[in-house]
Amino acid sequence: MNSKTFIGLAAVTAIAVVLAVVAIGSRPSFESSDVAGERLFPGLVNDLNRLKTVTLRHKDGTYSIDRTANGWVLRERDNYPVDAEKVDELVVKIARMTRLEAKTRLPDRYERLDLQEPDAKDSRAKEVTLTDGEGKTIAQLVVGKRKFTLGSKEGGTYVRIPGDEQTWLAVGELNPGDKVRDWLKRDIADIKDKDIRRVTVVHPDGERIEVGKDNPDDANFKILNLPKGQEPTSEFVADDFGRVLSIFLLDDVKQDGAMPWPADKAIKAEFEGFAGFKVSLDYVEADGQNWVKISATPPPAETPPADGAPAEGAPSEGAVDWAKIIAEINARAEGWVFQVPAYEVNALKKRMAELARKPESEDGT
């Protein structure tokens with residue numbers, strides 16, 4: 001995100017803050033301090049262009065999200081890209097927050113609002129710190145429970161500013177998250193089963209499973225190397241293989257080489273598309289987690305005619321640009337190993353014994 005983007009963000013935020021303050025008058029009244037209605041951080045709007053790092057601290061650790069020339073990245077994950085929209089949303093919400101009702105000043109009651117120290121055992125509190133390029137704090141707050149009913153569309157959040165014993169119910173719903181996946185760009189690939197022609201899976205012991213379709217409109221995938229004398233356990237049994245790359249999301253990420261990779265225990269899968277692309281995926285299970293490496297090959301390039309006219313069969317306007325899609329997958333995946341949810345790779349663990357059986361005889365045996 002560049003400086004121009006942040007200037008625009010600051011301007012939009014300033015307008016939003018004014019509207020939020022005006023809206024306070026229409027909310028239910030509370031017996032509260034005379035500072036109710038004031039912004040939690042009055043000067044934050046003017047400081048947004050200096051923002052360099054967003055630090056999130058909770059009982060499970062600390063994450064530092066840094067702004068670079070190429071966008072937001074997660075420092076603790078070797079600068080893997082972060083979802084910029086989520087960072088912008090968090091910052092804008094903090095800048096908009098206004099004090100609504102003063103709550104307890106007693107530290108031994110902070111836990112009731114989830115506002116104890118974020119790194120305390122069983123703490124649900126989350127601390128957010130915004131700093132500039134020199135490491136100076138622009139804003140800092142401890143985020144606790146949310147309150148969803150304030151008599152309007154927008155709810156509230158219990159907050160505490162470190163160094164101040166006073167806690168507040170503030171206008172604005174804030175949920176910084178506490179997992180890496182809450183911030184990383186999770187998308188790895190999204191190729192629908194209708195675009196997959198063939199899937200080949202090879203297990204470490206050499207067992208091979210091949211499934212495929214003859215046409216994109218076929219309702220189901222078929223087992224192509226069905227053992228002689230056997231039949232599929234159901235007409236749907238091979239369909240999950242074709243769906244592996246559909247909305248394929250990461251939970252965590254490591255640089256390739258940062259963890260032992262037992263290649264001799266890897267399940268290897270290759271996905272071939274009707275358009276001619278190929279996607280290769282290696283999958284291993286390590287310490288109860290599911291890790292994958294992925295790479296892709298674009299469709300064969302068409303050679304344009306000598307007169308420079310589009311090649312026969314070239315994508316028409318509105319057609320899927322598979323070369324671009326494959327290039328984006330490789331850009332995201334090169335040099336990285338992804339931890340993924342188990343359900344995304346469960347199909348790859350299936351054995352032929354689960355997919356096929358001997359036909360039942362006429363007497364049911």
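Two strands count as paired here if DSSP finds at least two bridges between them. By that yardstick, strand S18 (residues 278-286) and strand S19 (residues 289-297) qualify, with nine bridges in the antiparallel sense. Keep in mind that you're looking at a predicted model. Below is a quick tour of the sheet these strands belong to, the helix lying across part of it, and a buried valine, Val82.

**The sheet**
- Eight strands make up an open sheet, and the pairing is antiparallel. Reading across, the order goes S13-S12-S11-S17-S18-S19-S20-S16.
- At the edges sit strand S13 (222-223) and strand S16 (252-255), each of which pairs on one side only.
- As background, strands of a sheet pair through backbone hydrogen bonds, in either a parallel or an antiparallel way.

**S19 and its two partners**
- On one side, S18 and S19 form a hairpin with two residues between them. Asp287 is in that turn and has a positive phi of about 55°.
- If you want to check the register of the hairpin, look at Glu285, whose bridge partner in S19 is Asn290.
- S19 also pairs with strand S20 (residues 336-340), again in the antiparallel sense, over three bridges.
- For the register with S20, Asn290 stands opposite Val340, and Trp291 has Gln339 as its bridge partner.

**Helix H5 across the strands**
- Helix H5 (residues 322-333) lies across S18, S19 and S20, and runs at about 135° to S19.
- From its first C-alpha to its last, H5 reaches 16 Å over 12 residues, close to the 16 Å expected at 1.5 Å a residue.
- Which H5 residues are buried? They are Trp322, Ile326, Ile329 and Ala333.
- Looking down the axis of H5, you'll find its buried residues within an arc of 55°, so they line one face of the helix.
- Those buried residues of H5 pack against strand S10 (187-189) as well as S18, S19 and S20.
- Just after H5 comes Gly335, with a positive phi of about 85°.

**Val82**
- Val82 has its place in the loop between strand S4 (80-81) and helix H3 (84-96).
- Is Val82 buried or exposed? It counts as buried because its relative accessibility is 2%, and the cut-off for buried is under 20%.
- Setting aside neighbours within four places in sequence, Val82 is in contact with Ile65, Trp72, Val73, Leu74, Val87, Trp183, Leu184 and Lys185.
- Val82 and Arg186 are 104 residues apart along the chain, yet their C-alpha atoms are separated by 8.5 Å.

Methods:
Residues are numbered from 1 along each chain as its sequence is written. This is a predicted model: local features need pLDDT of at least 70, side-chain atom pairs count only at pLDDT 80 or more; totals for chains, interfaces and linings use all residues. Side-chain values use heavy atoms; hydrogens and water are left out. Helices (H or I, at least four residues) and strands (E, at least two) are DSSP runs, numbered from the N terminus. Buried means under 20% relative accessible area, exposed over 50%, partly exposed in between (1.4 Å probe, protein chains only). Contact means heavy atoms within 4.5 Å. Axes are lines fitted to C-alpha atoms, for helices over the stretch in contact, and angles run from 0 to 180 degrees between N-to-C directions. The expected span of a helix is 1.5 Å times one less than its number of residues. The arc is that of the directions from the helix axis to the C-beta atoms.
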